[in-house]
Amino acid sequence: MHSSGKITTVLFSAILLLTGCTKEKNVTYGVNDKVVYEDKSLKTKRKSDAEYISILYTNLYQVPISPTQLYKTQNVIYSIGDRNVANEMVLSNYFNTSTLKIPKDSEMRADVAAFVEKCYKRFFLRYPSEGEKTFFINYINSNPNVSVEMVYTAFSVSDEYQYY
Amino acid sequence: MNRRDFFKKTGLVTAGTVAAPYILPTGRMFARTNVPKAEYVVMVMFAGGVRQQESVLQRYLDDSQEVTGAAGNIMPNLFTGIAPDRKIVYGTDPGGGATRGSEPIPRILSQSMEDTGTVFKEMSAISAGHYVGLNTLITGSLGTAQGLKTRPKYPTIFEYLRKHAGFAALDTWFIANGLGNSTPLLNSSKNADYGLQYGGNMFAAPYTFGGVGREILGNGKPYSRADLDPMYYMKNFLDQSFGLNPDQLETIKNTDEEKTRIKEFIRAVFQRQDQGLIPRPPVTDNGDAVTISYAAEVLRHFKPKFLTLNMSAVDGCHSNFTGYLRSLHRADHSVGWLWNYIQNNIPEMSGKTIMIVAPECGRNLKPNPILDENDWYAFDHSDANAMRVWSVMVGKNVPKMTVGSENNKVGKLTDIVPTIADIFGVYDEVKASPYLDPQSKSLFLRM
């Protein structure tokens with residue numbers, strides 16, 4: 001009786017050992033291609049002055065703004081009642097420097113449709129609607145005096161650029 | 001069309017043509033509810049907590065430092081009275097050292113404002129603090145729960161004037177003396193019935209036009225109209241596409257044309273600084289004088305119908321009574337200079353302007369323990385004496401008159417907003433606002 005109990009225990013353990021461990025399956029999950037972009041209707045939060053300035057500066061110069069420069073710019077913007085006036089003047093100062101990283105006018109004219117799309121992605125993090133695209137393509141094509149600086153200014157001081 | 005229809009329709013068209021230009025944002029056909037008293041108003045929020053004793057009561061050291069025989073008027077442009085003849089420390093410094101402050105600044109105006117206008121000798125403030133006091137002067141409301149770092153809870157005079165009198169954004173200006181104490185937010189409330197779409201323009205002048213402002217703004221491109229038109233055209237398209245609601249506005253609104261004029265003005269100020277053309281009071285040794293210089297620039301350039309500015313240097317009284325006396329004397333000097341400048345250098349405003357001067361709050365009866373260079377005690381503002389203030393009005397249609405006395409309070413600071421509304425002919429409209437102190441009324445009705 002004693003030895004049969006031992007045999008039962010050994011057998012039970014052997015069954016557990018054989019059935020309790022299974023070989024791990026090697027599973028690989030795939031991701032379907034999906035274009036991700038922002039929806040303007042979901043942009044409901046206004047950027048703070050600090051966020052707006054630092055994002056704008058990084059966008060145009062492709063380097064971050066220094067904390068001192070950010071603090072000074074914030075204060076000056078706060079000192080003017082119409083923030084749009086302040087933003088436009090700050091921007092106009094940026095455009096008067098030589099280290100901006102922006103396309104040349106000739107590059108814009110070479111492929112206006114691509115330029116417009118890039119503008120929307122660069123500033124609004126989204127693609128333009130067909131109506132928006134058509135407006136800008138027609139406007140730029142029919143106004144030879146319109147420059148990259150003008151288009152960038154319009155995007156930079158637009159309401160949408162101040163929201164996320 | 002028969003003859004009767006013809007007359008009826010031409011009559012309606014004629015009436016519409018005449019009335020249309022006067023239809024205001026309120027929906028009212030005509031703005032004016034009473035005859036305007038003047039074309040322009042300049043309001044000075046004076047000057048950071050002023051004790052009655054050293055200002056309108058002209059007691060100098062007699063009622064503050066237990067000195068006897070040293071009473072006198074140290075505000076000769078605002079008030080009429082003989083200057084003190086003892087312990088003179090509030091003036092300029094002819095020789096340095098021991099003579100510091102011993103030379104009073106000569107009076108600018110040939111007659112004091114008291115001699116030509118109306119003084120309310122004893123009025124009630126709504127609060128013993130600066131920011132609520134400033135809010136009171138700007139809103140006419142009993143906003144004692146007004147928080148810091150937030151816009152006024154109730155509509156401001158800028159919004160009342162823009163909505164009810166049809167003023168453009170460039171017609172209304174606030175010149176702030178700095179960024180502290182939330183003053184840059186005083187140019188508009190976010191009230192649902194008024195709000196930023198009716199806010200006034202504002203410069204915190206020492207920043208906008210100081211060294212930092214020059215560094216950040218002074219190198220801008222002077223875009224031509226031909227450059228700006230396409231930019232604004234494209235921006236306006238983008239904004240329409242985004243469709244911001246009025247309640248999402250975070251800044252006041254100027255038209256594209258108005259924005260262009262403001263930018264041109266800022267550039268012009270930097271150029272005039274280089275050329276030494278910014279008008280300044282003869283003594284410009286504190287921040288208030290700088291603020292008032294730029295207020296004069298805005299008045300000269302834009303000729304706004306309404307401008308208000310705040311001064312705050314006398315708030316040094318918390319720790320330095322001598323400095324307070326000097327600042328008070330200089331604030332009087334700067335205000336006198338501004339009034340004189342308007343009369344002599346801005347012909348469009350000369351003889352057509354009313355200036356209103358009033359402190360936002362008073363100062364304590366008893367001093368704190370801080371002693372200054374002359375062993376004089378400093379004063380804070382928190383007791384009943386800090387609720388005592390005065391006001392001075394001068395200019396077109398303002399009678400020469402004294403109203404009230406030390407023992408006879410007449411008027412309160414919430415009266416200032418309805419007074420300005422009265423001057424511009426929109427008294428009933430503004431008084432009908434549910435946000436105004438219901439007991440407030442035009443100071444002209446308290447005379």
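What span should the 13 residues of helix α6 (residues 112-124) of chain A have at 1.5 Å a residue, and how far apart are its end C-alpha atoms? The expected span (1.5 Å times one less than the number of residues) is 18 Å, and the end C-alpha atoms lie 17 Å apart, which agrees.

This is a predicted model, where local features need pLDDT of at least 70, side-chain atom pairs count only at pLDDT 80 or more, and totals for chains, interfaces and linings use all residues. Residues are numbered from 1 along each chain as its sequence is written, with chains lettered from A and ligands numbered from 1 in the order in which they are written.

**View 1. The buried residues of α6(A).** Let's start with A:V116, A:C119, A:Y120, A:F123 and A:F124, which are buried (20 or more other C-beta atoms within 10 Å of a residue's own, C-beta atoms being placed from the backbone). Seen down the helix axis, they fall within an arc of 95° (from the directions between axis and C-beta atoms), so they line one face of α6(A). They pack against α7 and α8 of chain A. Just after α6(A), A:L125 has a positive phi of about 55°.

**View 2. Where chain A meets chain B.** Here 36 residues from chain A join 41 residues from chain B, a contact being C-beta atoms, placed from the backbone, within 7 Å. Helices (DSSP runs of H or I, at least four residues, numbered from the N terminus) α3, α4, α7 and α8 of chain A each supply at least two residues to this side. The most come from α4(A), with 8 residues.

Methods. Two residues are in contact if their C-beta atoms, placed from the backbone, lie within 7 Å. A residue is buried if 20 or more other C-beta atoms lie within 10 Å of its own, exposed if 12 or fewer, and partly exposed in between; C-beta atoms are placed from the backbone.
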